[in-house]
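User: I'd like to go through this one by asking why things are called what they are called. Could you give me the number behind each label as we go?

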Amino acid sequence: QLNLRSSVEDFNALMLAVVTLVEETGIQFSLAIVDTLARAFGGGNENDTADMMTFVVSMGKIQEFLNCGLMVLHHSGKNVQLGAHH
C-alpha cells in the first residue's frame with residue numbers, strides 16, 4: 001500500500017518500479033489504474049480539500065510521467081445521500 005498523497009518516498013518508489021518494468025518488458029502504458037483511492041491516500045481525509053488537492057497533483061504527475069490515461073477507483077459511501085464520502 002502506497003501513500004501517493006503526501007509521501008515523496010512512496011511516489012518515487014512507484015516511479016522507479018514503473019521505469020524498471022518498462023525497461024525490462026518494453027510495456028507501454030495506455031491506462032494506469034489506481035485501485036482504490038482509499039488505499040493510495042495515505043491516511044488523508046478524503047473530504048478535506050487540501051488533502052484531496054495534494055493527491056490530485058500526484059495523480060497528474062503520474063499521468064504525465066506515464067503519458068497515458070489515468071483512472072482512480074473510488075467506492076461510494078454507504079449513505080447514498082452523502083455521495084462518495086465515508
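Analyst: Happy to. The helix and strand labels are DSSP runs, with at least four residues for a helix and at least two for a strand, numbered from the N terminus. By that count, H74 falls in the segment after β2. Keep in mind that this is a predicted model.

User: Then what makes up the secondary structure here, and in which order do the elements run?

Analyst: The protein has three helices and two strands. Starting at the N terminus, they come in the order α-β-α-α-β.

User: How do you know how much confidence the predictor has in the protein?

Analyst: From pLDDT, the predictor's own score for each residue, which goes from 0 to 100. The mean for the protein is 89, and 88% of the residues reach 70 or more. Among the elements, α2 has the lowest confidence with a mean of 91, while strand β2, residues 69–73, has the highest at 96.

User: Back to H74. Why does H74 count as partly exposed?

Analyst: Its relative accessibility is 33%. Buried needs under 20% and exposed needs over 50%, so H74, at 33%, ends up in between and is called partly exposed. Its C-alpha atom is 7.2 Å from that of A38, although the two are 36 residues apart along the chain.

User: Why is D51 called buried?

Analyst: D51 comes in at 19% relative accessibility. The cut-off is under 20%, so D51 counts as buried. This residue sits in helix α3. Leaving out residues up to four places away in sequence, D51 touches R5, F41, G44 and N45.

User: And V18, why does that one count as buried?

Analyst: V18 has 11% relative accessibility, which is under 20%, so the buried label applies. V18 belongs to helix α1, and, not counting residues up to four places away, it touches F29, F65 and L66. The C-alpha atoms of V18 and F65 are 9.8 Å apart, with their positions 47 residues apart along the chain.

User: What label does G60 get, and why?

Analyst: Partly exposed: G60 has a relative accessible area of 30%, and that lies between the 20% and 50% limits. G60 is in helix α3. Its C-alpha atom is separated by 8.5 Å from that of L70, 10 residues away along the chain.

User: Why does N67 count as exposed?

Analyst: With 67% relative accessibility, N67 is over the 50% cut-off, so it is exposed. You'll find N67 in the loop between α3 and β2. There's a backbone detail too: N67 isn't a glycine, yet it has a positive phi of about 55°.

User: How do you know which kind of peptide bond joins D35 and T36?

Analyst: Look at omega. It is about 0° there, and the bond is cis. T36 has its place in the loop between β1 and α2.

User: What makes a set of residues a nonpolar core, and which residues touch the most other members of the largest one?

Analyst: The members have to be buried nonpolar residues joined through side-chain atoms within 4.5 Å. The largest such core has 14 residues, and L4, A40, F55, M59, I62 and L66 touch the most other members. The elements giving two or more residues to this core are α1, β1, α2 and α3, and α3 gives the most, with four. As for A40, once its neighbours within four places in sequence are set aside, it is in contact with L2, N3, L4, R5, V34 and F55.

User: Over the whole protein, how many of the residues are buried?

Analyst: Buried residues are 26% of the 86 in the protein.

User: What lines the largest pocket?

Analyst: There are 16 lining residues, with L4, L14, I33, V34 and D35 lying nearest the centre. Two or more of the lining residues come from each of α1 (8–25), β1 (31–35), α2 (37–40) and α3 (49–66). β1 gives the most, with four. The pocket's volume is about 250 Å³.

User: How does that lining divide by residue type?

Analyst: Into 12 nonpolar, two polar and two charged residues. Leu, Ile and Val all count as nonpolar and Asp as charged, so among the residues nearest the centre, D35 goes with the charged ones and L4, L14, I33 and V34 go with the nonpolar ones.

Methods: Residues are numbered from 1 along each chain as its sequence is written. This is a predicted model: local features need pLDDT of at least 70, side-chain atom pairs count only at pLDDT 80 or more; totals for chains, interfaces and linings use all residues. Side-chain values use heavy atoms; hydrogens and water are left out. On a 1 Å grid over the protein atoms alone, a cavity is a set of points where a 1.4 Å probe fits but cannot get out, and a pocket is an open set with protein on both sides within 12 Å along at least five of seven lines; lining residues have an atom within 4 Å of a point. Grid points are joined across faces, edges and corners, and a volume is the space filled by probe spheres set on the points. Buried means under 20% relative accessible area, exposed over 50%, partly exposed in between (1.4 Å probe, protein chains only). Contact means heavy atoms within 4.5 Å.
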